[in-house]
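Colleague: Could you take a close look at one metal site here and the strand that leads into it? Please keep to what the coordinates give.

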Amino acid sequence: MASRNSFSLSAILCLVISAALPLAPSAAEAKRSSHDPGRSEYRAPQAKQAPKVDGVADEAIWQRARWQEMKHRWLGPEYSADDFRGRFKVVWTPEKIYVLAEMVDDILIDSHRDPLVQYWDDDCLEIFLDEDFSGGNHQYNHNAFAYHMSLDNQAIDIGTDKLPQSYSHHVQSRWRQHGNKVVWELAIDVYTDAYVDGSDKNVPVKLSAGKVMGLMLAWCDNDGSELRENFIGSESAPGDHKDRGWIDAGLFGSLLLVE
Ligand SMILES: [Ca+2]
Ligand SMILES: [Ca+2]
Ligand SMILES: [Ca+2]
Ligand SMILES: [Ca+2]
């Protein structure tokens with residue numbers, strides 16, 4: 001009886017202790033909680049044939065992908081639909097993700113001809129990519145990349161040395177004007193947070209259906225000012241400090257690769 005009683009007591013203790021401990025969050029819950037609430041969820045279809053990166057969206061796979069709007073004003077005053085409007089789609093192959101962006105911008109400007117100087121104050125398409133949807137700080141590390149695509153198709157981000165670096169070798173980029181629209185196609189290699197600046201040993205990740213990454217796009221709109229006039233993104237930015245995507249990957253939406 002003594003052993004029976006002590007077993008019961010330890011069983012009760014176990015129950016009390018386990019009830020007091022919070023349940024371990026699943027990996028999916030942990031990643032959701034590392035992001036701001038209300039993130040968008042994008043499902044990118046697989047392209048059997050890679051789109052040609054030429055600024056002409058005539059590949060059939062683009063018809064299968066849905067548009068996502070760039071409509072959240074992070075910086076600057078109210079603007080009109082002629083001043084800026086933009087949207088994008090994503091598809092993928094095992095080697096790369098492909099982005100199609102379609103934008104109206106009344107004046108295109110690239111006044112800083114040095115690609116590493118004030119690149120965010122020229123018209124530029126920002127593509128924020130977090131390989132494992134971890135969220136978290138990515139300012140001076142490669143937990144996520146923030147490719148600032150200039151009008152001359154260069155991809156600039158801050159390196160681990162805290163200085164602007166060209167990552168143009170990660171991104172194939174071409175845009176063309178069709179009527180009043182800029183049609184921009186990009187093919188992007190995806191790297192993990194183990195990426196080492198300047199190394200020739202970095203290998204892009206092989207992509208497969210079911211993979212979830214963090215993604216967000218934004219347009220820096222300058223129409224002739226010293227500094228950019230507007231910064232408009234695809235994700236809502238709760239709170240007062242809206243220009244934080246270049247530091248905080250918790251603002252990114254999720255990108256799910258589907259077949
Ligand atoms: Ca094309
Ligand atoms: Ca504009
Ligand atoms: Ca990450
Ligand atoms: Ca502009």
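**A calcium site and its strand**

Modeller: In this predicted model, strand E4 (residues 84-92) pairs with E5 in the antiparallel sense, over 9 bridges. The link between E4 and E5 is a hairpin of 4 residues. Within this pairing, Arg-85 has Val-104 of E5 as its bridge partner. E5 also runs antiparallel to strand E11 (residues 181-188), to which 7 bridges join it; there Met-103 stands opposite Val-182 of E11.

Strand E5 covers residues 97-105, and 9 of its 9 residues are buried. This holds for both faces: Ile-97, Val-99, Ala-101, Met-103 and Asp-105 lie on one side, with Tyr-98, Leu-100, Glu-102 and Val-104 on the other.

Asp-105 takes us to the metal. The calcium ion (ligand 2) is coordinated at 2.3 to 2.9 Å. Asp-83 contributes both an O and an OD donor. Asp-105 and Asp-106 are each listed with one OD, while Asp-221 and Asp-223 are each listed with two. Along the sequence, the spacing of the donor residues is D-x21-D-D-x114-D-x1-D. Asp-105 also bridges this ion and the calcium ion (ligand 4), the two ions lying 3.8 Å apart.

The adjacent donors Asp-105 and Asp-106 fall into separate accessibility classes. Asp-105 has a relative accessible area of 10%, so it counts as buried, the cut-off being under 20%. Asp-106 is at 46% relative accessibility and therefore counts as partly exposed.

Conventions:
Residues are numbered from 1 along each chain as its sequence is written. Chains are lettered from A and ligands numbered from 1 in the order in which they are written. This is a predicted model: local features need pLDDT of at least 70, side-chain atom pairs count only at pLDDT 80 or more; totals for chains, interfaces and linings use all residues. Side-chain values use heavy atoms; hydrogens and water are left out. Donors are N, O and S atoms within 2.8 Å of the metal (3.2 Å for Na, K and Ca); water is not among the atoms, so sites may look incomplete. Buried means under 20% relative accessible area, exposed over 50%, partly exposed in between (1.4 Å probe, protein chains only). Helices (H or I, at least four residues) and strands (E, at least two) are DSSP runs, numbered from the N terminus. Two strands pair if DSSP finds at least two bridges between them.
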